[in-house]
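Please work through the following exercises on local geometry, helix packing and burial. Each task is followed by a solution in steps.

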Amino acid sequence: MNGVELLDGLVVPLVTGLDENGMPDASASTRLLDAMARTGVTKLMLLGSNGEGPLLATSSLSRYVAEMVAAWRERVPAGVVVVNATAPATTEALERGTIAVDAGADAVALCPPFYFRHRDDEILDHYRRFERLGIPVIVYNLPRYTNEMSPAVIEQLPALAHVVGVKDSSGDLETLTRFLALKESRPDFGVSQGGETALVAGLRLGADGIVPGTGNVAPELALRIVAALRTGDDAAADEAQRITTVLTGLHGIRPGVPAVKAILDLLGLLPPHVAPPLAACTASERSALEAFIAPHRSVLLDGGGTPS
């Protein structure tokens with residue numbers, strides 16, 4: 001698959017089901033995968049920021065990734081799975097990439113290395129070394145947590161044939177526009193907007209798809225945005241974007257993955273366990289989140305469960 005095919009439409013950056021000890025457990029995601037498939041989701045990204053990837057030991061991932069890829073293909077035979085291989089060092093990132101290859105993933109996502117500050121040539125070499133895996137690479141631009149990709153680095157990406165697209169989670173439309181400009185020399189270079197409050201804006205600029213964290217709890221809204229824009233229903237797209245933006249308010253109660261997992265637990269879809277040093281939501285945070293989502297239940301995933 002080329003980058004446009006991989007990133008077209010909605011890719012859900014799936015949270016990771018964990019056991020009570022914080023270890024990846026594919027069986028914990030069964031109900032969530034069922035609900036995603038029922039909603040019409042066909043593409044997943046594992047182990048991204050929503051998937052707590054950097055908090056999970058590489059040694060714990062092989063079985064989880066293999067079982068998740070197999071489970072998704074059972075539900076959606078033509079389904080796509082992208083696995084985030086990001087790590088501080090190139091050697092560990094390649095280990096994670098090999099896990100994705102062995103599991104039969106369709107592509108790997110890869111941030112620039114993090115912790116240390118790196119020069120442009122080092123960042124490009126990080127991506128260049130992934131050619132040996134023989135699997136498409138999607139650039140994962142997440143400057144909040146990793147090295148920033150300079151305009152000079154972005155301009156050189158088309159020269160790397162195995163780099164087929166980008167998931168831009170910068171939230172900056174100017175940066176997204178730089179990635180979109182790569183299509184002039186690489187028409188098959190896929191570009192996806194990860195900024196949840198600018199999904200419609202990104203698609204209107206020419207992005208092929210979206211990868212919103214809110215897709216974990218409300219994928220139907222994201223699918224509605226894509227479908228509405230493709231049929232020219234701007235009003236419906238703008239309304240779905242408005243509700244999506246409202247839903248990002250959940251992070252005002254508790255920032256990040258713990259809040260998303262608490263909501264999924266309230267929906268009966270996933271245990272609330274998170275990877276250390278993250279801590280699960282407190283009882284008061286869960287109560288606040290339950291009140292927060294109450295007006296929006298009609299657009300949230302239906303797990304057939306009751307609050308626990």
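The exercises below concern this predicted model.

**Exercise 1. Helix 9 and helix 10**

Task: Determine how helix 9 and helix 10 are oriented to each other, and state which residues meet.

Solution.
Step 1. Helix 9 covers residues 219–230, and its axis is 8 Å from that of helix 10, at an angle of about 155°.
Step 2. Angles over 145 degrees count as roughly antiparallel. Helix 9 and helix 10 are therefore roughly antiparallel to each other.
Step 3. The crossing of helix 9 past helix 10 is left-handed.
Step 4. Helix 9 contributes Leu 221, Arg 224, Ile 225, Ala 228 and Leu 229, which meet Asp 234, Ala 236, Ala 237, Ala 240, Gln 241, Ile 243, Thr 244 and Leu 247 of helix 10.
Step 5. Sorted by class, the residues in this contact of helix 9 with helix 10 are nine nonpolar, two polar and two charged.

**Exercise 2. Three residues of helix 10**

Task: For Gln 241, Ile 243 and Thr 244, decide whether each is buried or exposed, and list its contacts beyond four places in sequence.

Solution.
Step 1. Residues under 20% relative accessible area count as buried.
Step 2. Gln 241 belongs to helix 10, which spans residues 234–247. Its relative accessible area is 9%, so Gln 241 is buried. Beyond four places in sequence, Gln 241 is in contact with Glu 196, Thr 197, Ala 198, Leu 199, Val 200 and Ile 225.
Step 3. Ile 243 is also in helix 10. Its relative accessibility is 12%, so Ile 243 counts as buried. With neighbours within four places set aside, Ile 243 is in contact with Leu 221, His 296 and Val 299. Ala 70, by contrast, is 173 residues from Ile 243 in sequence, and the two C-alpha atoms are 33 Å apart.
Step 4. Thr 244 is a further residue of helix 10. Its relative accessibility is 3%, so Thr 244 counts as buried. Leaving out neighbours within four places in sequence, the contacts of Thr 244 are Glu 196, Leu 199, Thr 214, Leu 221 and Ile 225.

**Exercise 3. Helix 11, helix 12 and the loop between them**

Task: Describe the crossing of helix 11 and helix 12, and identify the cis peptide bond that involves Pro 277.

Solution.
Step 1. The axes of helix 11 and helix 12 come within 10 Å and cross at roughly 70°. That angle makes helix 11 roughly perpendicular to helix 12.
Step 2. The crossing of these two helices is right-handed.
Step 3. On the side of helix 11, the contact involves Ala 259, Ala 262, Ile 263, Asp 265 and Leu 266; on the side of helix 12, Arg 286, Leu 289, Glu 290 and Ile 293.
Step 4. By class, the contact of helix 11 with helix 12 comprises six nonpolar, no polar and three charged residues.
Step 5. Pro 277 lies in the loop that runs between helix 11 (257–266) and helix 12 (283–293). The peptide bond from Pro 276 to Pro 277 is cis, and its omega is near 10°.

**Exercise 4. Positive phi outside glycine**

Task: Compare the settings of Glu 52 and Tyr 115, stating for each whether the residue is buried or exposed.

Solution.
Step 1. Glu 52 is a residue other than glycine with a positive phi, near 55°. For Tyr 115, also not a glycine, phi is positive and near 80°.
Step 2. Glu 52 sits in the loop between strand 3 (43–46) and helix 3 (62–75), while Tyr 115 sits in the loop between strand 5 (107–110) and helix 5 (120–128).
Step 3. Glu 52 has a relative accessible area of 2% and is buried, whereas Tyr 115, at 69%, counts as exposed.

**Exercise 5. Nonpolar cores**

Task: Which members of the largest nonpolar core touch the most other members, and what does Phe 130 touch?

Solution.
Step 1. The largest nonpolar core has 89 residues, of which Leu 14, Leu 32, Val 65, Phe 130 and Leu 264 touch the most other members.
Step 2. Beyond four places in sequence, Phe 130 touches Ala 85, Ala 93, Leu 94, Gly 97, Val 108, Leu 110, Val 137 and His 162.
Step 3. Another core, of 14 residues, lies apart from the largest one and includes Leu 6, Val 11, Val 80 and Tyr 140.

Note on methods: Residues numbered from 1 in each chain as written. Predicted model: local features only at pLDDT ≥ 70, side-chain atom pairs only at ≥ 80, totals over all residues. Heavy atoms only, no water. Helix = DSSP H or I, 4+ residues; strand = E, 2+ residues; numbered from the N terminus. Buried < 20%, exposed > 50% of the residue type's maximum accessible area, 1.4 Å probe, protein only. Axes fitted to C-alpha atoms, helices over the stretch in contact; angles between N-to-C directions. Parallel < 35°, antiparallel > 145°, perpendicular 65-115°, else oblique. Left-handed = near helix turned anticlockwise from the far one by under 90°. Contact = heavy atoms within 4.5 Å. Nonpolar A, V, L, I, M, F, W, Y, C, P; charged D, E, K, R; others polar. Core = buried A, V, L, I, M, F, W, Y, C linked by side-chain atoms within 4.5 Å.
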